[in-house]
Structure formats: C-alpha cells, structure tokens
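Trainee: Got a minute to go through this one with me? I'd like to take it piece by piece.
Mentor: Sure, pull it up.

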Amino acid sequence: MCVKKVAMCHFAHFKYLLTALQFTRSHKLNFEIRGTLFANVCSSTVTLIIANGNFTNMRIQVMKSLIQSIGPNTLGILVLFLLFLGSILLVAASFAGETAVSQENGEQSRSIVESKPASPASTNYPILINRPSGPPRVDTGMEDPHGNSITVACSTCHTTRKPNITNRKASDLDEFHQKMPMSHGNLSCVSCHNPEDYDSLKLADGSRVEFTQVMKLCAQCHGPQTRDYRHGAHGGMNGYWDLSKGPRTRNNCVDCHKPHAPQFPKMRPTFKPRDRFLNPVKSHEK
Amino acid sequence: MDEPSEDTKSASVEELLPILGQPSSRRTMLKGAGAALGLAAFGGAVWPLISIPENVSVDEFLQQHYKELSDQDKEKVFTRLEEEAKEDYGADVTISDQLPIPGVKFGYAINLSKCNGNGKCMEACSEENNHHRGVDQSYIRVLEMQKGSMNMEHGNTTYDHTVPQDDKFYMPVQCQQCDNPPCVTVCPVEATWKEDDGIVVVDYNWCIGCRYCEAACPYHARRFNWEQPEIPAEEVNPDQGYLSNRIRPQGTMEKCHFCLHRTREGRMPACLEACPTGARVFGDLNDPESDIVWILKNKRVFVLKEELGTKPSFFYFFDS
C-alpha cells in the first residue's frame, strides 16, 4: 500500500468522514481509521489514512472542518503531528519497495499546512523607512538655456558666508530664504542646521548628522512621537501587516511634517457619501 | 370497497386516481378535498422553482450557502460571477476565496488624536470595495463630534468645511467586528457569520435583504444595496473576494470586512493605506509583538458603546 493522504476531521463533521469512506469504497481504495488519536488535545479527532486516491477536495473539506472545530494552539500541535505521522508512513511505504508518491496538482495551495509559515523569523521581509535622498537643492529662481530651473547645494552660498547664529526667523535674513515660513517652537536656524557644513544637520550636542538621518535629529525633542513611531502608533504606512508575506513601507518624519512648519496642515474633505436622505441620488439624474 | 366504473375509457384514469370512480359520498368528498389540498401543497412547494425571476439564472437560484459549497462548487460559482461581472460591467475580474489565517485574530485601532476627518479612508473604501458610485457608498462614516462628548448619535457626517475644527474631534466608525455580534444573531437565514479571524462576513447570494442586521447593529455599520451598483468599467477593482468586495447584487446587505481579500494575504486594509494622518493601526491581536497589541497595552483605549457587551475588535485611542 502506498499512502497518499493523511486526513483528520472532527467527529462533529461526520458527514465529511462518510463522504471520504464512500469515496474510498467506490474507488476500491485501502483505508484505515485511527480514532481518537488526540484524546488529550481534542477529544474527538479522527485520523483517516487513505491510499492511492486523488483526495485534494476531500482533504480541503476535512481541513476546513478541522480549523472550525479546534483552536489555533491545538492546530499547531496537530499539524506537527500530522507531518510527523506522514513522514513516518512515507518512509515505511518507500521501505516496503512501493513506487514513489506522485505530486498533487495546484489545488493544494489552499491547504492549511502550506499556508502556515514554517519559521516566521527567518523569512521576514524588511520594514522600509522612506529617507530623504540627501541634502536639499535650493531653487535659485533662474533657468538654464533648456528651461530647467537651476538648483544649487546649500554649501554653494553658505561656504562663503559667516553664519549669524542669532537669526531666528526667515524675515531676519538679509537675502534669500526670506519668505520661508518658520514656526517650529523657539528653534533658530542653527538649532538643526550645521553652521560648519550646511550640507548636513547637527544634533543638540553639536555632532554632525546627515540629511538622510533626519529622524535622529527630530527624535531628540519628540520622544513620545518617536516611541509611538517605533510601535507603529505614529506615522502612516503601506504594504503588509504580516511581514512573513511581504515588506512594509513607513513614512519619514518629513514626509508628513514640514521641518520649518511641522504642524500637520488643515485639509478639506473631498469625499462624502451622498446619503439618500440628504441629497438626491446621482444615478437618477442620469 | 371501490366500485369499478362502467366507462372503460376512464378506467385507466381511475387506476391512477381511484377516487374518481367512487360514488359520491361524504367520505369520497373528504378524500377529494384532501387530494386537492395535497396537490395544492405540492404545487406551492415547487412553485419557487417555476417562478425563478428572469434576471436570476438557475445556477444562481440553486446556489448553496457558502459554507455548504465544495471546492468544485466554488469554482463554478466564482466563474459564473466573473462572467456576470464581465457581462454587466465590462470588467475582467478575479474572484478569490481567501480563508482565515490559522491563529490570527484581526484588530483595528484608530488614533483620535491624529484623525482630522479628511475622509480619505471613505474614498479609498469606496474605490477598493466596488461601491455604488451613484451614492458614493462607503463602509466608513467619519463623524464630527463635539469635544467633551462620546455620544456617537450626536455626530455629524455631513460637515463640509476645513478640518480639523478646534472644538471638534473626528471619529471614523465602521464595522467593529464584534465578538458578540448582534447582527449575526438576528439574521434569519444565517447569511452572515463570524469567521475564525474575527471578521463578520456576509454571503451576498444567501442574504434575503430583510435588513434585520442593519437594525440590530448599534454602530450603523451595515449598508443596504437599494440599487444595482453602478461602477464604470475602468473603476471596477478586479481583485475581488467572494465574501468581501465583489460587486454586490441589489437588495442585499453589505458591511466592512477589514478588506479580507487583502488582509488575509497579509496586506493592510485600503483605508489604512489611504490615511494621510497615520491614525489607523491594523494587526494581529494574537501576536504579542504586533503594533496593535502595544497600543492596547500602552495607550488610553476605549471601545465604542462598551456597555452593550458587543466586544468589538475595533479600538479607539488617544496620544496622551
């Protein structure tokens, strides 16, 4: 006998078992029932071992009833035991010199055993955090012969000028950046910008930090937000909640908050369900 | 004893219905009445088979409850629904049947300190879930509430001004996926039930549209399809689930299903991805490392209408 399928079901779903038995009889297959194997974990589970049959459909039904009837913890044990039992039987079958077990068709993808990740820790996808591409480029307001606006690096101007560390507002400046809105607490320009290298930022202790690492800078003052961010309670995200299935993309601080005026902007709602009690229905107008 | 009739022509009929050949008496009259009633009852019983409405195919009429469908049945049903979508909407759709992930219990939390009532979640829901564009239906209602009150009945959904207003807060309400769902209890035909991962689903083809569940839901989370949904072909979302966002027939109930065609594949719900404020958090309540469990442990959390004992899997929290 060559073991093809090992299936289990709950006695409450007896009809699936009967279906299986009728099928095995009608196809003259060998089968045996091992009753109450798991008396300790699930009082009425039956294991059905069927030989040489295409039992994809039957197995799925039985598996479904299994999930419905038992809890997730016991399922794990049962799945492990099922795999264990299956491997033993397969080894025994091949040892007896029978032909190899043929593979099933694609319908198996709905099987419960396969949909459960074997080792979630090792197959996890990353959490990708958006990052600024680097130091910003400043628009000079001029255009090159092709009509593209000319942008320059911060250091283009700032390396030739001595920083005035008393400047707090954009309007304090003699030229450039003068119309930039600045409402970020009591901060001055050099609270965050590095007066020694304007292509980078600086932390409160004076050490240099790159524009790409801006979250480190924000986190110095915004502790609760950083804590919440780390636990997914702050900042939007996209992708997968289940990292064993795919990656997740998370926003950077400056994706949602302008560094110079970080308060989240006011919005205008754009979408309203037109309730039939409140507004005429569009489809009637057509 | 039966007396045989002299008429030979009617003999065969009498063999079939011996009551015809009997002399009229009170007994035969009663027998006749009984036979007529029996025939009428049989006719009444099979009448629905004869009176299938023209726009309902025999397959659709005879379709079993979702839980009774075998995999072959499902394949047939899904193929039929895909063909109907092509015919009625001109869209090539794929209808799938995602099963609950074993061991996962979904939970959803909204940060009321962050939500500013912009309504992007409603828009995303409408697009993702193939809602009727005629009424811009959505599974979500964003309520504008007076600060200082938690009474959702006083919320206003029709505000049309810049948000957020200083004296208001904004509370999106959708299906709370209750562990003790009143909508499931009242359904007379078991067309709605709670799945193992906590999502309350509807078999739209089994639903009779009685709207008991709509009346029973304390969160006003269920919607009725008053009309056949109208969706332009290019706006139909082709990634559809049988229990989730396939185009619903007219006269059936529908509700938020946590985008199960996405979330059972491990993806985030559409309303979460659309939220520009990052107020929405989704995850597995059974995973102690998940974001949502951290929020439940560390934030000020409340559930809506807790006093009703519905045990929602949907939570609201504040930053401080």
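Trainee: What covers the buried residues of helix 5 of chain B?
Mentor: The cover includes strand 3 (141-146), helix 8 (260-263), helix 9 (270-274) and strand 10 (280-284) of chain B. Keep in mind that this is a predicted model.

Trainee: Noted. Which are the buried residues of that helix 5 (residues 120-128)?
Mentor: They are C121(B), M122(B), A124(B), C125(B), S126(B) and E128(B).

Trainee: And what phi does N130(B) take, just after helix 5 of chain B?
Mentor: A positive one, about 55 degrees.

Trainee: Let me zoom out. How many helices and strands are there in chain B?
Mentor: Chain B has 10 helices and 12 strands. Of its 320 residues, 51% are buried. Now take the contacts in chain B with a separation of 6 or more. Residues 24 or more positions apart account for 64% of those.

Trainee: Give me one pair that is far apart along the chain.
Mentor: Try D88(B) and E230(B), which are 142 residues apart along the chain. Their C-alpha atoms are separated by 9.6 Å.

Trainee: Where is D88(B), and is it buried or exposed?
Mentor: D88(B) is in helix 4 (residues 71-89) of chain B. It counts as exposed because its relative accessibility is 51%, and the cut-off for exposed is over 50%.

Trainee: What about salt bridges in helix 4 of chain B?
Mentor: Look at E84(B) and R80(B). Their side chains meet in a salt bridge, 3.4 Å from N to O. Both residues lie in helix 4 of chain B, four residues apart, about one turn of the helix.

Trainee: Why does that spacing work?
Mentor: An α-helix has 3.6 residues a turn, so residues three or four places apart point the same way. Side chains of opposite charge can then pair when their charged atoms come close.

Trainee: Are those two buried or exposed?
Mentor: R80(B) counts as buried, at 10% relative accessibility. E84(B) is partly exposed, with a relative accessible area of 25%.

Trainee: Which salt bridge links distant parts of the chain?
Mentor: R267(B) with D239(B), where the closest N and O atoms are 3.5 Å apart. This pair does link distant parts of the chain, with the two positions 28 residues apart. R267(B) sits in the loop between helix 8 and helix 9 of chain B, while D239(B) is in strand 8 (residues 239-241) of chain B. R267(B) is partly exposed, at 21% relative accessible area. D239(B) is partly exposed too, at 27%.

Trainee: Which residues do shared salt bridges join into one network?
Mentor: R227(A), D228(A), K114(B), K299(B) and D319(B). Inside that network, D228(A) bridges to R227(A), with the closest N and O atoms 3.2 Å apart. D228(A) counts as buried, at 3% relative accessibility. R227(A) is partly exposed, at 38%. Over all chains the count comes to 27 salt bridges.

Trainee: How many are between chain A and chain B?
Mentor: Four salt bridges. One salt bridge joins the side chains of K266(A) and D166(B), at 3.9 Å from N to O. Across the interface there are also 14 residue pairs in polar contact.

Trainee: Which parts of chain A touch chain B?
Mentor: Several elements of chain A each supply at least two residues, including helix 1 (14-26), helix 3 (72-95) and strand 9 (237-239). The largest share, six residues, comes from helix 2 of chain A. By type, that side divides into 19 nonpolar, 14 polar and 17 charged residues.

Trainee: And what is the area buried between the two chains?
Mentor: About 4800 Å², with carbon and sulfur atoms giving 52% of it. The contact takes 50 residues from chain A and 66 residues from chain B.

Trainee: Last one. Where is D203(B) found?
Mentor: In the loop between strand 6 (200-202) and helix 7 (212-216) of chain B.

Trainee: What is the nearest side chain of opposite charge to D203(B)?
Mentor: R246(B), 4.1 Å away. D203(B) is buried yet has no salt bridge, because a salt bridge has to be within 4 Å.

Trainee: What lies 2.8 Å from a polar atom of its side chain, then?
Mentor: The backbone nitrogen of Y66(B). Beyond its neighbours within four places in sequence, the contacts of D203(B) include Q64(B), H65(B), W193(B) and Y242(B).

Conventions:
Residues are numbered from 1 along each chain as its sequence is written. Chains are lettered from A and ligands numbered from 1 in the order in which they are written. This is a predicted model: local features need pLDDT of at least 70, side-chain atom pairs count only at pLDDT 80 or more; totals for chains, interfaces and linings use all residues. Side-chain values use heavy atoms; hydrogens and water are left out. Buried means under 20% relative accessible area, exposed over 50%, partly exposed in between (1.4 Å probe, protein chains only). Lys and Arg count as positive and Asp and Glu as negative; His and the chain ends are not counted. A polar contact is a pair of N or O atoms within 3.5 Å; within protein, one must be able to donate a hydrogen and the other to accept it, and residues adjacent in sequence count only if both atoms are side-chain atoms. Contact means heavy atoms within 4.5 Å. Buried area is the accessible area (1.4 Å probe) that two parts lose on being put together, summed over both. Ala, Val, Leu, Ile, Met, Phe, Trp, Tyr, Cys and Pro count as nonpolar, Asp, Glu, Lys and Arg as charged, and the others, Gly among them, as polar.
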